[in-house]
Structure formats: structure tokens, C-alpha cells
Amino acid sequence: MPTISKKGQLMPESPIRKLVPYAENAYKQGKTVYHLNIGQPDIKTPQVALDAIKIHSLDILAYTRSEGSEGYRKKIADYYAKNDIQVNHDDIIVTTGGSEALLFAFGTITDVDDEIIIPEPFYANYNGFSTASGVKVVPVISKIEDNFALPPIEEFEKLITPKTKGILICNPGNPTGYLYSKEEIKKLAKIVKKHDLFLIADEVYREFAYDGITHYSILQEEGLEKHAIVIDSVSKRYSMCGARIGCLVSKNKDVIKTALKFAQARLSPPTLAQIASEAALETPQSYFDDVIKEYVDRRNVLIEELNKIEGVQVANPKGAFYCIAQLPIKNSDAFAQWLLESFDIDGETVMVAPAGGFYSTPGVGLNQIRIAYVLNKDSLKKAVHILKEALKVYKD
């Protein structure tokens, strides 16, 4: 009988999507499920993006260039310039979501069995991308007690080997909501230059920086031109997750030249989605002002309500729209499934994301969950109330 590859067997399940069948069964039972588990914003997509699809004048839905249309890339460069990031359109490759951009980055800078150091917890799919690329994730643990701040540089240095090719961060962070300071970025810049490594930054949540803190991109750091690779996406910025448009950005010409070969192998990014994404760049600042205010209000409500629950510890996010909460339980996978299968209040329950899948170190984060505050404030209050009551009766 034909056998499945070892790589396929090692590919991790999504800690978020593996619970979907249990949620569907809850729906079939007539329950209302408050989804705190997935980063799908409920914010309306900018109308200018939706209109661009409706009124396009294409007669043929043809390929675009493998690196994305020149007009779109020039407008992306203009967008970066407005954010004090100086790049040329030739430094940009448009991808099918930020996911493909990261796969291109791994393919460009790593060989099989090479190593990438990542502060954990991290976006769960980094585990999947690394497995697909034959790359070993080397975790450096950030702690909830420190609000998931950057671990000491000495901890990174201990992990660097001849196989190490780079450091990957998510800024602001998914799943922690942590926003790296300019000083922390400079520390990382110093270490990658010292050891001749790449620094990859997943910056898809760039706009979502709170409490008067300004996001600092690795592309703003002088002297990092040969080392910096940015992963970006329209998914969260414009509430366009289904568009599947992202980009890889680097001033390192060898990186772009090599990544382009991977882009050519898949022909081109989707044409209609590029049209919508290009139009989205015309979104007024007032849109982001309103969105950020809404997320700050939601964050404040969520953290305040979680802090009222005995035995719960929660990190206070400064960006993105996620937080990690540590619960007085042993296994959040079992708890999350139990919530969907066996618990409700007046026909309502909650779906959360077990945080163990956001770590690569075995046994870490098993009593934690990731919460995405992508629901309105009233729904967040109801969801946390359900969580509070559930913890009173749940038995590990």
C-alpha cells in the first residue's frame, strides 16, 4: 500500500480549525457559539475595495506578472513611504496571502534541516510552514509574567548554531498582541548583524498599535538592508482575509531575485484580488482611526472582564487583536472541546483557541488559550461570562 510522507505525517493540525466539527455540532443542537477562536475581523471591508471588483472592465481574467502588477507594487511602495518605510516597488513581491510570502522566505533563505529561531508563543502556522519547508523551529520562550516581551538577547545567542539562518518575529504579535519596541528591534538587529543572519518580521498587524505606541518596522532600521525580510498582508488591515493577497518585502536584491523564482513557479497572484487590494490602498485614515478605537475599547472590556475571574492570568496586548489567557485548568484542548460539546448557558457557549498549538516546545502553554477580540463589546462580555461560569464547574 502506498505510504504517506513523513513530512505529511508531521504536519501539525491547526489548533484553531481542528475544533470546527465540534462547533458545527453545537450549531446543529441550536446553540449560539461566540467565536473567540479565530482572527476574522467583523469590521466591514472598505467599500472602495468592494466597488473595484464590481466595476472592473476586464474582458479576460488573465495572469499578472509573477511578482504582482507593477501598478499595485508602486502603490504598495507609496503606502510604505507614508509609514516612514522607504522601499522601491522592485523590493516587493506580491503573494497569495502572507502565508505564501513566508513560504517564499523560507524557501529563499533555508535548506532542509536549517534552523529558524522564533520567540514563542507564535502564530501556529509557523510550525506548519517550517515542516513543509524541512526547517527546524528553535523556540525561545517569552513568558506571560513578562507580558510576552522579547526574551533576553543572551537567550537567543545560546541557541545560534551553524545551522541557524534567521530569527522570525511577529510584530505586533499573534497570538500575544505584544508590540516590540524600537529598542527591542535594535537589539535583534545587532544580533543578526553580528551572526550574519536574516531577520524576518511578520508585520501584518502594523496598523493595530495602541496606547500611543508607534509601530517600528525592521525596514526602518539602518544597516539592516541585507538582513531584513518583511511579511505583509491585506487580510487584517482592510478586513480582507478572503482576498488572499500579501507580499514579501526586502531591500536585499538576492532575496528578491530568489523569491521571484518561487513566485514564477506558481505563475501569479490572483488578479481580481489584486484589483481589490490596490483599491483598498485608497482607504482614508479615518477608517483606521475608527477601527483602532473600536479594538482598544474591545481590548479594555475583555481584559477588565477576564481579570475579574479568579485564577485567570492575562497578558495586556499593545497591538493586533489577540491576547493569551492562562486558566486554572490542566489542558485547554480538552476544555475547549468540552465547552462546545457539554456546556452552555441558555443555549450559548464559547469557542476558544487552545494555546498549546502556538508553541513548539512540548508541554508548554497547555493551560492557556488565545482569545481574538473580534466581537462587539456586548458579545465579549457575554462570552467572558460564559467562560467564567464554565470554569466554576469544569473538572480536568
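Seven strands, 7 in number, build an open sheet with mixed pairing, and their order across the sheet is 2-8-7-6-5-3-4. The model is predicted. This briefing starts with the sheet, then turns to two helices and the aromatic rings.

**The sheet**

- Strands of a sheet pair through backbone hydrogen bonds, either parallel or antiparallel.
- In this sheet the pairing is mixed.
- Strand 2 (92-95) and strand 4 (136-141) stand at the edges.
- Each edge strand has a single partner strand, so one side of each has no neighbour in the sheet.
- On average, neighbouring strands are turned by 20° against each other, direction ignored.
- Strand 2 pairs with strand 8 (residues 246-249) in the antiparallel sense, over 4 bridges.
- Which residue of strand 8 is the bridge partner of Val94? The partner is Cys247.

**Helix 5 on the sheet**

- Helix 5 (residues 97-109) packs on the sheet.
- Helix 5 touches strand 2, strand 3 (115-120), strand 5 (164-170), strand 6 (198-202), strand 7 (228-233) and strand 8.
- The direction of helix 5 makes about 160° with that of strand 7.

**Helix 10**

- Is helix 10 (residues 271-280) mostly covered or mostly uncovered? Helix 10 is mostly covered, with 7 of its 10 residues buried.
- The buried residues are Thr271, Ala273, Gln274, Ala276, Ser277, Ala279 and Ala280.
- These buried residues pack against helix 3 (47-54), helix 4 (70-82) and strand 2.
- Strand 2 is also one of the strands that helix 5 touches.

**Aromatic rings**

- Ring centres within 6.5 Å count as a pair, and planes under 30 degrees apart count as stacked. By this rule there are 18 aromatic pairs.
- One of them joins Phe335 and Trp338, with 5.9 Å centre to centre and 25° between the planes, so this pair is stacked.
- Phe335 and Trp338 are 3 residues apart in helix 12 (residues 332-342), so about one helical turn separates them.
- Phe335 and Trp338 are both buried.
- Trp338 also pairs with Phe343: the ring centres lie 5.2 Å apart and the planes stand at 25°, so this pair is stacked too.
- Phe343 is buried, as is Trp338.
- Elsewhere in the list of rings, one aromatic cluster is formed by Tyr205, Phe208, Tyr295, Phe321, Tyr322 and Tyr373.

How values were computed:
Residues are numbered from 1 along each chain as its sequence is written. This is a predicted model: local features need pLDDT of at least 70, side-chain atom pairs count only at pLDDT 80 or more; totals for chains, interfaces and linings use all residues. Side-chain values use heavy atoms; hydrogens and water are left out. Rings of Phe, Tyr and Trp (its six-membered ring) pair if their centres lie within 6.5 Å; planes under 30 degrees apart count as stacked, over 60 as edge-to-face and the rest as tilted. Helices (H or I, at least four residues) and strands (E, at least two) are DSSP runs, numbered from the N terminus. Buried means under 20% relative accessible area, exposed over 50%, partly exposed in between (1.4 Å probe, protein chains only). Two strands pair if DSSP finds at least two bridges between them. Axes are lines fitted to C-alpha atoms, for helices over the stretch in contact, and angles run from 0 to 180 degrees between N-to-C directions. Contact means heavy atoms within 4.5 Å.
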